[in-house]
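Here is a short tour of a multi-chain model with two ligands. Have the sequence and the 3D view open as you read.

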Amino acid sequence: MSGIMTFIIALIVIAFAGWVFRFVGQKATNNAPTFRDMPFAVAFGYALGVAALIWAVWTYVQAQFILPEAEANKYFFFVVAIHGLLLAGAAAYVFRLLGRIVGTAGSRKLFRQMPLTAAFGVLVILVYAFMAIFAGALAPHGQEEVFAQANVVPGGNPALGGNPDFPLGTDQIGRDILSRLIYGARNTVGIAFVTTLIAFVVGGGLGFLAATLRGWVDQVLSRAVDVLMAIPALIFALLLITVAKAWVDGTGLTIAMILIMALIDSTRVFRLARAVGMNIVVMDYIEAAKLRGEKLSYIVFREILPNATAPLLAEFGLRFCFVFLTISSLSFLGVGIQPPLADWGTMVKDMSSFINYAAFAPQVSAAPLLAAGAIALLTVAVNFVVDWMLHRSSGLKD
Amino acid sequence: MNSVLKIIAQRLALGLLTLFIVSIVIFAAVNLLPGDFAEAILGQGATPEAVAAIRTDLGLDQHPVLRYFQWLGGVLQGDLGNSFAQANFASFVGDDSGVRTTVAQQIAPRFANTMFLAGVTAAIAVPFAVTLGILAALYRNSVFDRAANITTLSSISSPEFFLAYVLILFLAVLNPWLPSLSNIYDGMAFSERLEKTLLPALTLTLVVTAHMMRMTRAAIINLLASPYIEMARLKGIKPMRVIVKHALPNALAPIINVIALNLAYLITGVVVVEVVFVYPGIGQLFVDSVKIRDIPVVQACCLIFAAAYILLNLTADILSIVSNPRLRHPK
Amino acid sequence: MSSDAFKDAETLVEMRDIHMEGRSDEEWHPIIKGVDLTLRKGEVLGLIGESGAGKSTLGLASMGFCRDGVRISKGSVIFDGIDLLAASAEEKRQLLGKRIAYVAQSAAASFNPAHRLIDQHTEAPISHGVLSKEDSEADGMELYRKLRLPNPDEIGFRYPHQVSGGQLQRAMTAMAMACRPDLIIFDEPTTALDVTTQIEVLASIREIVEEFNTAAIYITHDLAVVAQMADTIKVLLKGDEVEEAETREMLSNPKQDYTKSLWAVREFQRPQKPAVQTGTTPVIAVQNVTAAYGKVDVLHDVSFDIHQGRTVAVVGESGSGKSTTARCITGLLPPRLGQISLAGTALPLDYRKRDREQLKKIQMIYQMADTALNPRKTVGEIIGRPVEFYTGLTGAAKRKRVEELMDQIELPASQFIDRLPSEMSGGQKQRVGIARSLAAEPEFIICDEVTSALDQLVAEGILRLLADLQDKLNLSYMFITHDLATVKSIADEVVVMKDGNVVEAGPKTEMFTPPHHPYTDLLLSSVPEMDPDWLTNLLQERGVDNIGDAAVGKMT
Amino acid sequence: ATGMPLRAQQKGGTLRLGLNGANTSDSWDSRTHSDAFMINLGHGAVFDTLTEVAASGELVGELAESWEASADAKVWTFNLRQGVTFHNGKAFGADDVIASLNMHVAEGAKSAAKPIVEPIVEMKKLGEHQVQLTLKAGNADFPFLLSDYHLCMFPAGQIEEAIAKGIGTGMYKVEAFDPGVRALLSRVDSHYKDGRAGWFDSVEVIAINDTSARMNALMTGQVDAVNRVDFKTEALLKANPMINIFEVTGNQHFTFPMLTNLSPFDNVKVRQALKHSVNRQEMVNKILLGHGAVANDIPIGPANQYFASDLEMNDYDPDKAKHLIKEAGLDGLQVDLSASNAAFNGAVDAALLYQSSAKAAGIDINVVQEPEDGYWSNVWLKKAWCACYWSGRATEDWMFSTAYESGVPWNDTQWENARFQELLISARAELDSTKRRDQYHEMQMIMAKEGGTVIPMYANYVDAHSTKLTNSGVIGNAFQMDSSRLIERWWFA
Ligand SMILES: Nc1ncnc2c1ncn2[C@@H]1O[C@H](COP(=O)(O)OP(=O)(O)OP(=O)(O)O)[C@@H](O)[C@H]1O
Ligand SMILES: Nc1ncnc2c1ncn2[C@@H]1O[C@H](COP(=O)(O)OP(=O)(O)OP(=O)(O)O)[C@@H](O)[C@H]1O
Ligand SMILES: [Mg+2]
Ligand SMILES: [Mg+2]
């Protein structure tokens, strides 16, 4: 009850602060348009944001400087997140600045137009790509290497159960979490990337074909896709992977999983490609190409494809993220990437039960957040870039 | 309106065809799975005689094609068959009372539960997502928009079970507000049922909101450059009204489509959440049935999933037509 | 109607030293560079200039409104004593719709497709608290009646798509009138319309503006139109004011070179070629073609010939089957009956069955250069592809040919070969389209409304280019248009179509001398002339019910 | 016995249990019971068996009041309890015993207890409440075997109905049962155990297969007790003051059986090499987080009577393993190990640990993660080497004859050893306990040395309950949840 009261009072205070903020703003800037035309909701939003910011700063200062170490350690991940956020923001800013200075005229222009979020997205994607490619050199330990110390607390502070050798701790059987995270970039992202790529080649190709040819080709393909889409994706994948297990194992199974997920995903791509293609094939330049007597392949690959890249690329970003969410769900249901390959989804799954004990062991309980965060960060980054691309292609200016 | 009826009839016919093909695909897939019901149910101690006996009892010794058509014949007469899992192997006891649990009996309560969860989720998520989307469109590119985007994106980019655990942590463990166990059963009071369903519903809300919200936002923003929006502004209409009254009605079709997709997901794709919250829905039944190769139940579940998907898509299309005066009142 | 009449009237809008900027490619660049504008109550100001001159931008600025990505960087806008640039968003909202109204270029796009006309009509009065819903509805119907919309009591309950373009434009005018504003901005309200429809809309706008004594800014690029509507004319060129004068003065005595050149546009005229000798084989013969989309016939027994080195103009109102005829000739829409012959031999009806040589000989130039050029390909690629495809040239030879073609269309290759369509102006794009068809070395080119989307000055350039090319390469053109001025300047023969039938065909000179088929007559009489009294006279002569679409309706 | 003072029992309350191991195919047919959910509900609440292993480990009568054997342990006479009725009112008697035992050997029937009933050559009804069972060969452990949870007593002639509705003689009768989801039981009005057991008014058993969900349910107070605590988080759970963890060391052990009829496992040196290349203590520490003990490749545990604790340990010794591989005439060894957490919680991790420790011995173990569904039918007994789990048995003979006697269906190593087989038969009928001890000792030694299974650890039964629940202080170790009889034995504090 008192919780609700506090909440209500806080809201009232914030609302009042918002009103004051707008009022003062109007007076101070002599009715500049920003304050003059500011709706109250927006002012309230600002106040709310500021309140959240104050809370974050306060917690951060408490954790970093004031509280005793044991107590402060509860906020370990919070502090890490703040550091991460600041660092990421700064890195994105510097990255964009660099991009604006070096490079070709085209790339410099690109960076000048880029909002900070998109720069952040591009940076994160590059860092992930780097990690994935050079995982072997970057990771302090092997992904399969098992050490004697299991369940080491992250933070590397021996007084609190940490171990400087394992800055992010070790998992339940003593593998270095940091190394597994880095290898996870290669395995998870690599597999997701390949899967999405196949899905796009197959789904996109067929989608454009259907859009161009129409008629029975379109009918047959669309109906087939309807059927596949009518079966829930996760369940279908589960079923097919279980079937595949009867025939192959090891790498073969990973390949089978990639193909199965690509097949299921390609149906979604097909729909998009077909819809986008439909809009393009009615264009006069396609008609002109047809009247010229061009072959189908030329029309699809040289005339349609270049014009469909923006929506397809945007979809690629999303699909790519969904693929590793699907992989992690599959792991949860007992199939998925083969151990001992490190995979973020499986890592989350393995450690996820810790989270319930946050009241007693905050630091251990946050361990699954690392892998989940790795997934979330990439998804958010990809979507930032996607948003930006969509925005650019939409022609809106504000 | 007549053309709408025609479209519905056409789509329903196509839907039936789709269902038919889905049933073949699933039947084939389940038959390709290693092992069959007899082996699965006998587990650690499958002796050849016992396996053979069960197979004979359930007709599993017949050719799959024949079995499929027997099943299909039954379905066409409205009989989904008997559940393998609940068949009493009377022959081993000697006195057969002939009682069998039909698939329909087994699925009906589970399906009702699933629909209840989907309903509660939809009731929370759809208005929430659409409102959020509208606000994000109104205050586009503001801090609010960015924050809403980042939050919803982060929530869809976390695995579902992880979201579930996080919600349990905050709403059940740290603050004991909601039960973490959603073991609802027949005869439960509505309020109690609702309370137990709330946590999974919230989890699913987090899962589906981002998609709907982003589509609402994008669909609206897409229209903001159109001349009639400019016209509305030039008539001195308030920004909120411009969006709600002028942009939203024209953005309905894509929004409805995304909502339909997500509702379909709520019916067909929530296995993981059901497992975490021990919610007796159809998804768990499906996975359990696949485990023991209970083909009639698997088939029935898939038919339900596919039908839900098809019907929701159809509804979305019809609503899109109805919401579009051009299609509603052809010249 | 003389501007003297307003000398004493109160000033309604006063814009001083307006500078406006637009953002593209992350930079602000000037759109309006210091324009003054004064408008008194009841006065109609005509704003003319080529596309992109900043007419719309300036018009909107007089409402205190800027589009996204545009800003007023300097100057002041005073509306009836209110400083619009300092007013709050709320204050401005109170003016918009209530005291200042806007009529957009395309009513079809500016009406919200999701709501009925009357609901959109009443929206502003209700939200500004001017009238109740019932009153506003009744008033709307009254306005519809005044604007001579058919079924005024019922038409408001239709959705925009259920109403024709001209009617929509009038409904939009009614909507602007809903609050009886002091000022209406008409932004090219008739540009998208047929001549026959345009004249009706012009008549009704003029009538209603006069009746309510509303001040208006009338934006257009068509001199003849503005001559009918405005008391004063202001000419803009690339954001600068060229000159401003009272209408008659301006027409009779333009001072600036630019204004003079505008006036001169209409004078391009090709000499009539001698009649074709009987017995020569036409390049293209359309013989008794009947064609249908689905089950509905849209062409009925259409026949005409096109001879070598000649231009046949096909005119007719929108939907009369002009483009359909072109599609039949190209083979995109195989006719149901009849046949198409190329130099005496019958062509397969479906383009897919034609061989490369046949495809090559017939080329087409499209109206919308935007959709006709692949936005992801450079000019070099667009022109190079047919060169390679039809002549098999590659590498340097291909490039040489492309450069030749670009010379022919007067786009220097050095400058343009690597540009994308989005980096060129409309006229330049259209030239690329022409080069693409020339690349095939055709004998016959279909030009489907190639100049309709262009500025008059630019359009004239294209027409001249086409004429030159015809002389050089002995090409035949089928020139589809609804603009009779264009017909006058370029055609050798004219085919008039209506409802899928050829109503009249013959040499141009014959066509422009009476007696005509009544439809041709109507078309001819609907083209505005540069005489400020033309509309007044026409109305007097024929009466409101015998002009435009109304007259077309009577004809059948 | 722990020596704790006996706590006063209280009647009343609704017990809510969260148990894993539930399935949609669950039924009241005790022949099919194989996992915690139905075992707790079956012989633990709704049904009774003839004999019962008390919490202390002592064998007591349940539906049988007493029994006696002939000198060769072949003929057994059981005196049945009188005045017992089934939930449907039918009186319990000798016919029911015979019919219930016959269920397990009926044609086509599949019962895990078949090996127990099959050796009975004759069942004779001596009176309404007396039966005589004659065995093919002597078996000193026979009454022990009859406490098996598969051997529930059903009403003769109404078995079909009893299976459908759950009609037994237990202290709790079925109110509602939704297979794989939930069961609701209520206390019968009067029962022969009144005053000794059955304190709850009603019991709700909820199927919670997901480990995290089960722990959550306990922490949020939605259930009063759960089985199979996740070792990974046990330490964290312990920190919760509202929760008690109860842990007993039984005979439950985790195994890695190899099919010894297949190469390379047909080579005893290879088997020995593998036995020396697993770091048992590490496994106990990491997989069981200390909740268990190292095992020496024998399925007999510390809770068994004749457990050989003095055998030489198969220590982790990579060098020796390397040497053995060489002796086997191999250069190195590359084998697949199939694992899934269906085998036991942490099986995949255990396999990975095995892989890592074997690397030092030059053995390359390729861990194949198998899907959890279908693990028992598709992997166990089929893949050459896999992970497996045994809950152990109360008697040595029972354990050996279930999984290590040659020819029995559950022999998951296909291991044949003549001496071992001979000892097994002779020890079975041996009533002299010293002789028996020697024989079992030798058998264990043979198994540890040459057997086909690697048994690195015994796993404790670790269950948890809320502090609202309490018990006598003595907890059975035959199976989880107080030998699956928590429902009968516990009460609310
Ligand atoms: N939203 C905008 N952002 C940036 N630049 C703009 C914007 N709108 C118009 N412009 C630029 O301003 C200039 C004038 O545009 P405006 O629409 O006023 O021309 P116009 O004279 O009305 O032409 P038209 O006859 O084609 O309507 C053009 O160069 C155009 O590119
Ligand atoms: N794809 C189509 N399907 C069905 N009907 C069509 C199609 N295209 C055009 N029509 C109809 O055919 C008739 C002739 O159309 P066409 O495009 O030839 O007219 P047009 O004279 O070129 O008009 P405009 O000047 O507007 O281009 C019209 O009534 C039109 O509605
Ligand atoms: Mg304009
Ligand atoms: Mg046309």
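The report below looks at chain B, then the two ligand sites, and then the chain pairs and one serine.

**Chain B**

Please keep in mind that this is a predicted model. Let's start with chain B, which has 14 helices and 0 strands. Reading along its sequence therefore gives a run of α elements from start to end, α-α-α-α-α-α-α-α-α-α-α-α-α-α. Its C-alpha atoms fill a box of roughly 85 × 60 × 35 Å, taken along the principal axes.

Chain B has 331 residues, and 56% of them count as buried. Among its contacts with a separation of 6 or more, 73% are made by residues 24 or more positions apart. The accessible surface of chain B is about 12,700 Å², and carbon and sulfur atoms account for 67% of that. As for charge, chain B carries 22 positive and 18 negative charges, and the mean positions of these two sets are 24 Å apart.

**The site of ligand 1**

Which chains surround ligand 1? Residues from chains A and C do, so the site is shared between chains. In total 17 residues surround ligand 1, and the closest are Ser51(C), Gly52(C), Ser56(C), Thr57(C) and Asp68(C).

Oxygen atoms of ligand 1 meet polar atoms of chain C in several places. The backbone takes part through Gly52(C) at 2.8 Å and through Ala53(C) at 3.2 Å, while Glu188(C) offers an N or O atom of its side chain at 2.9 Å. On its own, ligand 1 has 630 Å² of accessible area, and the protein covers 72% of it. Two elements of chain C give two or more residues to the shell around ligand 1: strand E1 (11–24) and helix H1 (55–61). H1(C) gives the most, with 3 residues.

**The site of ligand 2**

Ligand 2 is surrounded by residues of chain C, including Tyr293(C), Val298(C), Glu317(C) and Glu449(C). The surrounding residues also include a stretch from Ser318(C) through Gly319(C), Ser320(C), Gly321(C), Lys322(C) and Ser323(C) to Thr324(C). Helix H11 (residues 322–330) of chain C gives the most to this shell, with 3 residues.

Here are the polar pairs between chain C and an oxygen atom of ligand 2:

| Residue | Part of the residue | Distance to an oxygen atom of ligand 2 |
|---|---|---|
| Ser320(C) | polar backbone atom | 3.2 Å |
| Gly321(C) | backbone N or O atom | 3.0 Å |
| Ser323(C) | side-chain N or O atom | 2.6 Å |

Taken alone, ligand 2 exposes 630 Å², and the protein buries 55% of that.

**How the chains meet**

There are 5 pairs of chains that touch, and among them chains A and B have the most contacts. Chain C and chain D are not joined by any contact, and their closest C-alpha atoms lie 49 Å apart.

**A look at Ser401(D)**

Our last stop is in chain D, where Ser401(D) is found in helix H13 (residues 396–403). Is Ser401(D) buried or exposed? Its relative accessible area is 15%, so Ser401(D) is buried, the cut-off for that being under 20%. The side chain of Ser401(D) reaches the backbone oxygen of Trp398(D) at 3.3 Å. Beyond its neighbours within four places in sequence, Ser401(D) is in contact with Val408(D) and Arg428(D).

How values were computed
Residues numbered from 1 in each chain as written. Chains lettered and ligands numbered in written order. Predicted model: local features only at pLDDT ≥ 70, side-chain atom pairs only at ≥ 80, totals over all residues. Heavy atoms only, no water. Helix = DSSP H or I, 4+ residues; strand = E, 2+ residues; numbered from the N terminus. Buried < 20%, exposed > 50% of the residue type's maximum accessible area, 1.4 Å probe, protein only. Contact = heavy atoms within 4.5 Å. Areas by Shrake-Rupley, 256 points an atom, 1.4 Å probe, with all protein chains shown as cover. Lys, Arg positive; Asp, Glu negative; His and termini not counted. Charge placed at Lys NZ, Arg CZ, Asp CG, Glu CD. Near = heavy atom within 4 Å. Polar contact = N/O pair within 3.5 Å; in protein donor to acceptor, adjacent residues only side chain to side chain.
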